[in-house]
Amino acid sequence: MQRLFENRVVYLSIPFLILPISFPLISIGATGGPTFLWGLGLVALFAGAMIPPAQRLFFLPKAKLNNPQSPRSQS
Amino acid sequence: MAFLPYIMLSVIAVGTSVIEPLRNVLMTFTFGFPFPTVSTGYGLTVPGSETYSALRPFSHPGAGLLVTAFLTWVILQSRGYFSRWAQTAQKPAESMLKGLIDTAILTSVPIIAFLIMASVMNHSGQNEVLALGISAIAPAYAFAFLSNGIGVVGAFTTSSSTSSNVLFSDLQITIARLKELPEATILAAQSAGGHRQCDCAGQYCHGGRHGRNQRQGR
């Protein structure tokens with residue numbers, strides 16, 4: 001998990017994929033499709049929105065923590 | 001050859017907007033998801049839509065850019081420009097797909113996120129509730145003065161004046177209508193506030209922090 005969140009392209013790929021699919025899921029679930037899709041879309045939306053700030057809060061590289069002005073080691 | 005993409009883009013953009021039969025064909029296909037009616041606790045109702053914010057993918061300006069980028073890549077690749085450039089720069093030739101993923105993901109995620117936030121704010125009635133609240137307490141000329149500040153706040157939080165406009169334009173228009181102020185002037189104030197914030201922060205207004213990071217190779 002730690003290594004996953006240290007590579008910016010890898011951890012941003014998750015919201016890149018799940019954010020665009022969240023709205024179609026909500027739309028289908030809220031307008032006649034299976035109801036669970038509505039909740040699934042909401043979870044996808046919430047998860048996609050939370051991953052970038054969660055990385056900043058919990059998985060910031062140590063080099064960045066020690067010296068906030070230094071460029072990221074993995075980006 | 002360096003001007004090829006610009007010439008191609010100009011031809012595609014002008015052709016798809018001036019040649020009427022072609023334009024009509026490209027505009028026939030629309031795409032959008034249905035969304036139900038939303039009612040807020042304040043009694044505001046946002047009507048549902050069969051095709052919410054319908055997109056015409058083939059007549060959209062982005063389609064022209066995509067076609068131009070693809071054709072340019074095909075032509076330059078077939079003529080060996082990329083391998084020759086790698087020899088000139090004395091660097092290994094990087095895969096176009098890898099470069100595309102590396103740059104597109106970093107810049108796309110923030111844009112997707114704020115577009116979703118703007119859509120949620122709009123369709124859930126948050127913009128109207130905020131507009132009604134502000135219009136209830138702010139006199140017209142006080143709001144006209146503060147509309148600039150909303151642009152500043154938007155640009156500060158998103159690092160981009162364009163993003164600020166996407167987020168807060170609906171709010172500004174709604175308040176302007178409620179206060180019977182000229183919409184164009186209020187939107188201009190919002191836009192000017194966003195640009196001023198970006199200039200003060202030493203950032204590039206249209207690319208924001210993400211564009212700056214790209215330019216600095218982060």
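How many residues does the contact take from chain A and from chain B? The points below answer this and then go through the structure, which is a predicted model.

1. **The contact of the two chains.** Chain A puts 18 residues into the contact, and chain B puts in 14 residues. On the side of chain A that touches chain B, two elements of chain A give two or more residues: α1 (8-30) and α2 (36-58). Of the residues on this side, α1(A) gives the most, with 12 residues. Sorted by class, the side of chain A that touches chain B has 12 nonpolar, four polar and two charged residues.

2. **A proline in chain A.** P52(A) lies in helix α2 of chain A. Is P52(A) buried, partly exposed or exposed? There are 17 other C-beta atoms within 10 Å of P52(A), and a residue counts as buried only at 20 or more and as exposed at 12 or fewer. P52(A) is therefore partly exposed. Setting aside neighbours within four places in sequence, P52(A) is in contact with L12(A), P15(A) and V109(B). The list thus includes a residue of chain B, namely V109(B). For A30(A), 22 residues away from P52(A) along the chain, the C-alpha atoms of the pair are separated by 27 Å.

3. **Chain B in outline.** Chain B contains 10 helices and two strands. Their order along the sequence is α-α-β-β-α-α-α-α-α-α-α-α. Of the 218 residues in chain B, 21% are buried. Counting contacts in chain B between residues at least 6 apart in sequence, 64% join residues at least 24 apart.

4. **Two domains in chain B.** Chain B is divided into domain 1 (1-93) and domain 2 (95-218). Where these domains touch, the contact takes seven residues from domain 1 of chain B and six residues from domain 2 of chain B. The side of domain 1 that touches domain 2 has six nonpolar residues, one polar residue and no charged residues.

5. **Helices α1 and α2 of chain B.** Two packed helices are described by the angle between their axes and the distance between the axes. What are these values for helix α1 (residues 4-18) and helix α2 (residues 20-28) of chain B? The angle is about 90 degrees, and the axes are 5 Å apart. α1(B) and α2(B) are therefore roughly perpendicular to each other. From α1(B), the residues G15(B), T16(B) and S17(B) meet L22(B), R23(B) and L26(B) from α2(B). By class, this contact of α1(B) with α2(B) has two nonpolar, three polar and one charged residues.

6. **Helices α1 and α3 of chain B.** α1(B) also packs with helix α3 (residues 61-78) of chain B, at an angle of about 145 degrees and with the axes 9 Å apart. The crossing of α1(B) and α3(B) is right-handed. Among the residues of α1(B) in this contact are L4(B), M8(B), I12(B) and T16(B), while those of α3(B) include L65(B), T68(B), L71(B) and I75(B). The contact of α1(B) with α3(B) divides into 10 nonpolar, four polar and no charged residues. T16(B) thus appears both here and in the contact with α2(B).

7. **Helices α6 and α8 of chain B.** The axes of helix α6 (residues 126-137) of chain B and α8(B) cross at roughly 45 degrees and come within 9 Å. That makes α6(B) oblique to α8(B). Their crossing is right-handed. The contact includes L130(B), A131(B) and I134(B) from α6(B), and L171(B), I175(B) and L178(B) from α8(B). By class, the contact of α6(B) with α8(B) has six nonpolar, three polar and three charged residues.

8. **Two positive phi angles.** Most residues other than glycine have a negative phi. Q90(B) is not a glycine, yet has a positive phi of about 55 degrees. Where is Q90(B) placed? Q90(B) is in the loop between α4 (81-89) and α5 (96-123) of chain B. Q90(B) is exposed, with 6 other C-beta atoms within 10 Å. E180(B), also not a glycine, has a positive phi of about 55 degrees as well. The loop between α8 (161-179) and α9 (183-200) of chain B holds E180(B). E180(B) has 7 C-beta neighbours inside 10 Å and counts as exposed.

Conventions:
Residues are numbered from 1 along each chain as its sequence is written. Chains are lettered from A and ligands numbered from 1 in the order in which they are written. This is a predicted model: local features need pLDDT of at least 70, side-chain atom pairs count only at pLDDT 80 or more; totals for chains, interfaces and linings use all residues. Two residues are in contact if their C-beta atoms, placed from the backbone, lie within 7 Å. Helices (H or I, at least four residues) and strands (E, at least two) are DSSP runs, numbered from the N terminus. Ala, Val, Leu, Ile, Met, Phe, Trp, Tyr, Cys and Pro count as nonpolar, Asp, Glu, Lys and Arg as charged, and the others, Gly among them, as polar. Axes are lines fitted to C-alpha atoms, for helices over the stretch in contact, and angles run from 0 to 180 degrees between N-to-C directions. Angles under 35 degrees count as roughly parallel, over 145 as roughly antiparallel, 65 to 115 as roughly perpendicular and the rest as oblique. A crossing is left-handed if the near helix is turned anticlockwise from the far one by less than a right angle, and right-handed if clockwise. Domain bounds come from an automatic or database domain assignment.
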